[in-house]
Amino acid sequence: MLKKAYKGSGQMISLLGLGCMRFPTRKDGGKEVIDSEAAQNIVDYAYNHGVNYFDTAYMYHDGESESFIGSALKKYPRESYCLTTKYPVWMADTPEAMRRVITEQFEKCQVEYFDFYLMHALNAEKFQKCIKLGVYEYLQELRKQGKIRKIGFSFHDTPQVLEAIVKKYPWDVAQIQLNYLDWEMQDAKGQYQVLEENGIPCIVMEPVRGGTLANPCEKANELFRAARPDKSVASWAIRYAASLPNVMTVLSGMSTMEQVKDNVATLSDFQPLSPKEYEIIAQAVEAYRKKDIVPCTGCRYCMDCPMGVDIPEMFRLYNKYVEEKDGGKWKEKLEKLPKSKKMENCVKCGKCQQNCPQSIHIPERLANIQEVYDKLG
């Protein structure tokens, strides 16, 4: 596994990081929980093949992710891996509550220190809340105590907001959504440049855009397979992010052993993209943009809906319909879901849209999907 030295230091970080938001799950009493055995196998394979960066957060897997990864890594020497978690800005309104949440994270992960600790999903509003609560100052106290090694943030907003956050404090790292679609669609290019210009190592999240870029569209798939029949479609997205010089690690939330093996192989025998391959990606992006899909990554930040609508599932099923053009299959899958989870229950309250990292106009898109569905009869 290719590793990079953090800011020229002796600390080596694997170019592939394991994101802990999309572990395999199983049903337990009607609830989706982490499939501990399958997830442990993924962690073990990644670790044994050189992955030493693991990224979790308080909210992942309905609060189960931190506890799982803490237990999963217990068998390995603590100094042999880097563990990152994030402060859930929305969970505390007082400095005391903020400190309790962070203390709880140490207990759940069963560690005495975090290698990296990030403020989670910052935008302009959430950052102001962090300033008000004194989050950075408290993290600095913990760093002096040896409980946190490096301080950073994950981010979902404009380059202008990012610039303001970067200038406020001396940051060690920052995590942004970056992939070949969002390079222009969400100005990941502008965000990346802000970090590069300020000497802040970049952690990439959503390099495969929640799995979308493992199968963007048939035309794009054909382009990639013709150019590199020996490589997966997803590997192009991983290599795109990893080819950028200021990227410290590329996070992938791997749900299957097939995915982890493919990603490990891609970044163990890493080949930066060539000029010709960048041209192929540009052609693939153009083909993708012609699709009428919803750019949802399935992160579920929009949930829970007050009316019970399963927003990510509505978008997932619709995108599948756009790809397959099989209205009968789409209708069949929708009819299997409880009525309470369907898009028809949306009342356009807008709560979901406030938390969407992709800035999707969710109520409007749900209404549009309902119209498409109604026209199908």
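**Figure 1. Contacts across the protein chain reach far along the sequence.** Take the contacts between residues at least 6 apart in sequence: 74% of them join residues at least 24 apart. Keep in mind that this is a predicted model. As for secondary structure, the protein chain comes to 17 helices and twelve strands.

**Figure 2. The overall dimensions agree with a compact globule.** For 377 residues, a compact globule would have a radius of gyration near 21 Å, and the protein chain comes in at 21 Å, so the two agree. Along the principal axes, the C-alpha atoms fill a box of roughly 65 × 50 × 45 Å.

**Figure 3. What is tucked away, and what shows at the surface.** Of the 377 residues in the protein chain, 55% count as buried. The exposed surface adds up to about 16,800 Å², with carbon and sulfur atoms supplying 49% of it. On the charge side, there are 51 positive and 50 negative side chains, and the centres of these two sets sit 1 Å apart.

**Figure 4. Close-up of V166 in helix α7.** Helix α7 covers residues 159-168, and V166 is part of it. V166 has a relative accessible area of just 6%, which is under the 20% cut-off, so V166 counts as buried.

**Figure 5. The company V166 keeps.** Set aside the neighbours within four places in sequence, and V166 is in contact with F153, W171, V194, L195, N198 and I200. Zoom in on one of these partners, F153: V166 and F153 are 13 residues apart in sequence, and their C-alpha atoms are 9.7 Å apart in space.

How values were computed: Residues are numbered from 1 along each chain as its sequence is written. This is a predicted model: local features need pLDDT of at least 70, side-chain atom pairs count only at pLDDT 80 or more; totals for chains, interfaces and linings use all residues. Side-chain values use heavy atoms; hydrogens and water are left out. Helices (H or I, at least four residues) and strands (E, at least two) are DSSP runs, numbered from the N terminus. Buried means under 20% relative accessible area, exposed over 50%, partly exposed in between (1.4 Å probe, protein chains only). Contact means heavy atoms within 4.5 Å. The radius of gyration is taken over C-alpha atoms; the globule rule is 2.2 Å times the number of residues to the power 0.38. Accessible areas come from the Shrake-Rupley method with a 1.4 Å probe; for residues, only the protein chains shown count as cover. Lys and Arg count as positive and Asp and Glu as negative; His and the chain ends are not counted. The place of a charge is taken as NZ of Lys, CZ of Arg, CG of Asp or CD of Glu.
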